[in-house]
Amino acid sequence: MRFLLNLSTCKMLLQGSSEEKFKVLELVKKKSAAKKKFGRTLEKFFKQPRIQVQSVTQDWGSVWPGPRSFHPASVPLPIRMGYPKKNEPSPDKWGNAELMKIPNFLHLTPPVIERQCKAIKKFCTPWPKELESEEAQNFFYPLVVKTSSYLQSSPSLRDARARSVSITVSLDSLKLDWHGCDKLLRLVGERFDPITRLLTITADRCPLSQQNLDYCVYLLTVIYNESKKTEPWEHEKGEFDYEYFDFDRSKSKETVEKLQEFTGEILPEEKIESYSNAVVAIHNEDENEETLENYKNAVLKILKL
Amino acid sequence: MSVGLKSTRLISLIRCCQASQRIVQPSLGYANMQDCSSIWVHESTPSPSKLLSYQASQQLLTVSKLFSTTHSNNASSVQEDKLSELTTEKDQAEFDKLYRSITLECRGHDKAVLASYSRFLTTAAKHLEICVDKIDTPRHHIIRYDTLKSAFVKKKHRVQYEIRTYFLIIKFLRLTSSTADTFLEYVQRNIPEGVAMIVTKYIV
């Protein structure tokens, strides 16, 4: 009998009869058992949705790092959304189109925001303490420039409205005398707000915002310088042109002076003052009993009656 | 301590202004509107002669003259000392612009999205230590269309459409340009879909 020498018999012979392993004779080949591949070990995870496998203490910021449409198998929240059918609750999260359409903020949970802000905090600078109050800001920086920029999802980055620039100055900070203020207000018209006492100059006529800013500053400079000047023709303004009654330029004062010349006495200043106040009140305010009464008393005092 | 200084354009500008015996508004070392040419001149190390030859410098000097104050004498001497310190310390540093306030107006078609975004904005502002002055939600604006349902005849049958725009206005106070740029970039990168933003800056 030929003794078949093959590797397995040699092994058996060498090892001895301690291992009594004989190959089972398979007449009909069975399907081989599941081979242990690497990926196969993770099958149990992929067969279940993530929500059933993830831990409660996981870092959600790593799970949902950026904006993403809602994924029901990853979000462990029992959310319902949408109009309910009759005698039914709102549709649940599985296959919910409304839930998937709406932008969610799952990538910006409070711990994530805190983490990201901490990371960018180093690029921020503190506001100077000296300029904490608005009075200080108005004192050191009376000129305020207003610009706008626009962000929208469109094919173009540009927005035509962004070229508009506005400058605001407080009238008091310009330190003009009475004539200067009056002239400036006439030049400026509606751009001055009498309640806040702010002059606002807006420009949008140039294509770029920097050009408009230049133009605003130029306008302010010109207006300021013009209002400081007194043109020779400004003296041609007659008394009938004045918007208010000025006692010093009026006939009433002339009358009082003539009276003084006539009597030869110089009246005390208080009497003249009371008279001038009474006359001014009648002109600038209404003619009511009070003003007329004051006028009567003042005249009687002057005439010593 | 980060003071946020930008270039020495301001310092050289003040020097050339002082050289021509004009009083410059006390500026505390920060770029402001009076120093507009320093903002516009895109040079790393400008010389006074270059600045003077720039067109806007004439306007600048008249504008700075506008705000000359008699009681700036003490302040300006202090400023000079401070500025000389600053130049020796940080020669290549740049100056921050200052924003008195920045108003963010967000517009969207969904109120809930804007509400979430507003929560994000306020939380981010809190972490970056930015003062939130006002949060306003004006009434939404509605555009309604009444159109025919059918392409041909059937006048009695119509379809009505409505476009709603919801508003969210948040005002932040007292930001330096570094803080503002950082905050705005962060916030604008995370703006949700379908939301538009208008940023209005009031430069001090």
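**Salt bridges and a negative surface patch**

In this predicted model, A:Asp59 is partly exposed, its relative accessible area being 35%. This aspartate is a good place to begin a tour of the charged side chains. Its side chain meets that of A:Arg115 in a salt bridge, with an N to O distance of 2.8 Å. A:Asp59 sits in the loop between helix H2 (43–47) and helix H3 (60–63) of chain A, whereas A:Arg115 belongs to helix H5 (residues 110–120) of chain A, so the pair ties together parts that are 56 residues apart in sequence. A:Arg115 has a relative accessibility of 42% and therefore counts as partly exposed.

The pair just described can be set against the wider picture. Over all chains, a search of the whole structure finds 17 salt bridges. Among the residues that take part are A:Asp159 and A:Arg161, whose side chains meet in a salt bridge at 3.0 Å, N to O. How does the accessibility of A:Asp159 classify this residue, as buried or exposed? With 17% relative accessibility, A:Asp159 counts as buried, because the cut-off for that class is under 20%. Its partner A:Arg161, at 42% relative accessibility, counts as partly exposed.

A further salt bridge in chain A links A:Asp172 with A:Arg197, and here the closest N and O atoms are 3.3 Å apart. Where do the two residues lie along the chain? A:Asp172 is located in the loop between strand E2 (165–170) and helix H7 (178–188) of chain A, and A:Arg197 in the loop between strand E3 (192–193) and strand E4 (198–203) of chain A; the pair therefore ties together parts that are 25 residues apart in sequence. A:Asp172 counts as partly exposed at 48% relative accessibility, and A:Arg197 is likewise partly exposed, with a relative accessible area of 33%. Turning to chain B, B:Arg144, B:Glu162 and B:Arg164 are joined into one network by salt bridges that share partners.

Charged side chains also appear in another setting, a surface patch. A:Glu239, A:Glu254, A:Glu257 and A:Glu261 form a negative surface patch. One of its members, A:Glu254, is found in helix H9 of chain A, which covers residues 251–263. A:Glu254 has a relative accessibility of 40% and so counts as partly exposed. That value fits the patch criterion, because patches are made of residues with over 30% relative accessible area and no salt bridge.

Notes:
Residues are numbered from 1 along each chain as its sequence is written. Chains are lettered from A and ligands numbered from 1 in the order in which they are written. This is a predicted model: local features need pLDDT of at least 70, side-chain atom pairs count only at pLDDT 80 or more; totals for chains, interfaces and linings use all residues. Side-chain values use heavy atoms; hydrogens and water are left out. Patches are made of residues with over 30% relative accessible area and no salt bridge: like charges are joined within 9 Å, nonpolar side chains (Val, Leu, Ile, Met, Phe, Trp, Tyr) within 5 Å. Accessible areas come from the Shrake-Rupley method with a 1.4 Å probe; for residues, only the protein chains shown count as cover. A salt bridge is a side-chain nitrogen of Lys or Arg within 4 Å of a carboxyl oxygen of Asp or Glu. Lys and Arg count as positive and Asp and Glu as negative; His and the chain ends are not counted. The place of a charge is taken as NZ of Lys, CZ of Arg, CG of Asp or CD of Glu. Helices (H or I, at least four residues) and strands (E, at least two) are DSSP runs, numbered from the N terminus. Buried means under 20% relative accessible area, exposed over 50%, partly exposed in between (1.4 Å probe, protein chains only).
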